Structures are given as C-alpha cells and as structure tokens.
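Let's take a walk through this structure together, helix by helix and strand by strand. Have the view open and turn it as you read.

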Amino acid sequence: MTMNAMLNGKNAIVTGANRGIGLAVLRLFAASGCNVWACCRKPSEAFTQEVAQLQEKHSVWIEPVYFDLQNSEEMKSAVKLIREKKEKVDILVNNAGIEQKGSLFQMTSTEVFRQIFEVNVFAQIEFSRYITNLMMRNRSGSVVNLISVAGLDMTGGYMAYSASKAAMASVTKTMAAELCSYGIRVNGVAPGIAQTDMAMSLTEQARENTKAASLMQRIADPEEIATVIRFLASDDASYMTGQIVRADGGMA
Ligand SMILES: NC(=O)c1ccc[n+]([C@@H]2O[C@H](COP(=O)([O-])OP(=O)(O)OC[C@H]3O[C@@H](n4cnc5c(N)ncnc54)[C@H](OP(=O)(O)O)[C@@H]3O)[C@@H](O)[C@H]2O)c1
C-alpha cells in the first residue's frame, strides 16, 4: 500500500511517459497506487531503470509500450499489446505532443502546420478512438488531454502549436458529449509554462513573457501539472466532464 492511494487499483495509459510532464504523471500515478501502460517512442536504459524502480517502490505494474504517434501500424500494435494484458483501462492521459519553432504565421509553412497537427491532433484522436472503444465496453473511463493556454489565449508567434491545442480543446468537448452516456469523462488541462525540454525550446523572451503574464511570476514544476491531471483522472472529479482546467499560475 502506498502513502497516497488516490488512484489505488486503477489502470492508466500515459503517452510521452519518458520525460517532462508525462514522466511526472507516471511517477505520481505509480505513487498513487495506479498501474500504468507507459507509452514512449523508443526504449532507453534510463527509462527501463526508472520503471523497475517505480514498480518496486510502489508495488504497481508498469508496462512500457513503444510506438511513434505518427505511425499508425505501430499504434495498432501498441493497442493490441494493451488489450492482450486483459486489464481494464480506467484512465487515458493524452500527454505526448510537440512544440513548433516560434515564427510569425506569415512565415510558417503549411508543412509545419501539417506536422504539428499530425502529432498534436490527428494522432491524439486516432489513439483516443481505440482506447475509448475499450472504455465503452466497460462503460467507464476518464480521459485527460494536455491542452495549453496557448490554445485558449491571444499569443503571437506559435500559431501552428496554438491552433493544435485549440483544436484539442474542442476535441475534448466533443468527446465528452459523445462518451458521457458510456460513463466516460473527458477533460483537459491547460498548463501555462512548466519546466520541461519543451519549455526550454521556447525563446528566452517567450518564456519570460509567459512567466510575467502570471500572478505567480514563475514557471511550474511538471509535478504541479501532474497533480491536476491526477485529480481530473480520479473519481474525485466524478462530476466533471468537458472542462479545460487551467494550471497557469494565475494568468489574467
Ligand atoms: N511544458 C510546458 O510548458 C507545456 C505548456 C503547455 C502545454 N504543454 C503540453 O504538455 C504536454 C507535455 O509537454 P512536455 O513539456 O512534457 O513536453 P516534452 O518535455 O517535450 O516531452 C514531450 C513528450 O512527447 C513525446 N512525443 C513527441 N512526439 C511523439 C511522437 N511522435 N510519438 C510518441 N511520443 C512523442 C516525447 O517523446 P520523445 O522523448 O521520444 O521525444 C516526450 O515524451 C504536451 O502535450 C505539451 O504540448 C506543455
């Protein structure tokens, strides 16, 4: 039994579990008694060790599942692997995503828009289709999508990324509406800025601007986003669906 059993006995799928917010979610979920299919693009020695340590420390199972979100065949094999475990899927955290290099929209090629939407939108929908199908059979489930304040507020310089996140906010609401009668809740978390590789890939100016726009005037630890994801994923949020919850340090 772990110290914090908020998700005790639940089984979750987390994408992008090898670093950043996804890794914080994996650690927090394991510490909360949750078993996890930890989805990543590629295996690594560091991740294998991390998984072994978390399993031992928290007495949960963690099954690494490797696939590239842009590869439909790999995704199908991953879903097959998940099904073959014959365990109920309670939670899906659609976390994996990519950032764009900042540029004015007039200077951004359609190819860049396509690339961002492939990963941040189309692959999320494709994966969600497979996984919510499993949840529908159980008539229960909770999906948490990673949005961003960039998809909700007025920000310049990152239109492809912002538009992809705005699309996911809409996807969240449609999924919530269509899946509610199957006992499936679908919510989103919109972080401001969290200390990950993605945040570090922004220009110094963009980071400072985002920080300055928040009351707290600081960048979040990934753990501070993971706790919000855990809440929405858990039964504590049983009366919430179709919501985008901001975790942004107080942005006006
Ligand atoms: N950090 C922030 O300030 C912030 C703010 C708002 C929203 N968000 C959102 O939060 C989520 C996590 O962000 P993060 O900051 O943790 O990002 P990150 O540190 O850049 O990590 C991104 C994760 O997504 C995975 N990924 C990317 N493309 C993939 C693909 N084609 N197939 C499979 N996995 C793929 C990466 O795998 P690899 O290691 O293999 O590349 C990695 O695990 C994203 O959806 C992001 O848009 C972040």
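**From helix pairs to the ligand**

In this predicted model, helix α4 (residues 110-138) and helix α5 (residues 159-179) have axes that come within 9 Å and cross at roughly 20°. Angles under 35 degrees count as roughly parallel, and α4 and α5 are therefore roughly parallel to each other. Their crossing is right-handed. If you would like to trace the contact yourself, look on the α4 side for residues including V112, F113, I116, F117 and N120, and on the α5 side for residues including A160, Y161, S164, K165 and A167. Further members of this contact include V121, Q124, I125, S128 and T132 in α4, and M168, V171, M175 and L179 in α5. By residue class, the contact of α4 with α5 divides into 13 nonpolar, five polar and one charged.

Helix α4 has another helix to show you. The axes of helix α3 (residues 72-84) and α4 come within 11 Å and cross at roughly 20°. That angle makes α3 roughly parallel to α4, and α3 passes α4 in a right-handed crossing. Here S72, M75, V79 and R83 of α3 meet E126, F127, Y130 and L134 of α4. The residues of this contact of α3 with α4 comprise five nonpolar, one polar and two charged.

Now let's turn to the strands. In what order do the seven strands of the open sheet run? The order is β3-β2-β1-β4-β5-β6-β7, and the pairing is parallel. At the edges stand β3 (62-66) and β7 (244-247), each with a single partner strand, so one side of each is left without a neighbour in the sheet. On average, neighbouring strands of this sheet are turned by 20° against each other, direction ignored. For a detailed look at one pair, try strand β1 (residues 11-15) and strand β2 (residues 35-40), which run parallel and are joined by five bridges. In that pair, T15 stands opposite C39 in β2.

With the sheet in view, you can place two helices on it. Helix α4, which we met above, lies across β1, β4 (91-94), β5 (141-146) and β6 (184-191), and runs at about 165° to β5. Helix α2 (residues 45-58) lies across β2 and β3, running at about 155° to β3.

One more helix pair deserves a visit. Helices α1 and α8 (residues 222-233) pack at an angle of about 60°, with their axes 8 Å apart. α1 and α8 are therefore oblique to each other, and their crossing is right-handed. The contact is made by G20, I21, A24, V25, L28 and F29 of α1, together with P222, E223, I225, A226, T227, I229 and R230 of α8. The residues of the contact of α1 with α8 divide into nine nonpolar, two polar and two charged.

Helix α1 also leads us to the last stop, the ligand. Which residues come nearest to the ligand? Of the 26 residues around the ligand, these are G16, G20, G97, T196 and M198. α1 (20-31) and α6 (197-200) each supply at least two residues of the shell. Sorted by class, the shell around the ligand holds twelve nonpolar, nine polar and five charged residues. You have already met G20 in the contact of α1 with α8, and here G20 is also among the residues that come nearest to the ligand.

How values were computed. Residues are numbered from 1 along each chain as its sequence is written. This is a predicted model: local features need pLDDT of at least 70, side-chain atom pairs count only at pLDDT 80 or more; totals for chains, interfaces and linings use all residues. A residue is near a molecule or strand if its C-beta atom, placed from the backbone, lies within 6 Å of it. Helices (H or I, at least four residues) and strands (E, at least two) are DSSP runs, numbered from the N terminus. Ala, Val, Leu, Ile, Met, Phe, Trp, Tyr, Cys and Pro count as nonpolar, Asp, Glu, Lys and Arg as charged, and the others, Gly among them, as polar. Axes are lines fitted to C-alpha atoms, for helices over the stretch in contact, and angles run from 0 to 180 degrees between N-to-C directions. Angles under 35 degrees count as roughly parallel, over 145 as roughly antiparallel, 65 to 115 as roughly perpendicular and the rest as oblique. A crossing is left-handed if the near helix is turned anticlockwise from the far one by less than a right angle, and right-handed if clockwise. Two residues are in contact if their C-beta atoms, placed from the backbone, lie within 7 Å. Two strands pair if DSSP finds at least two bridges between them.
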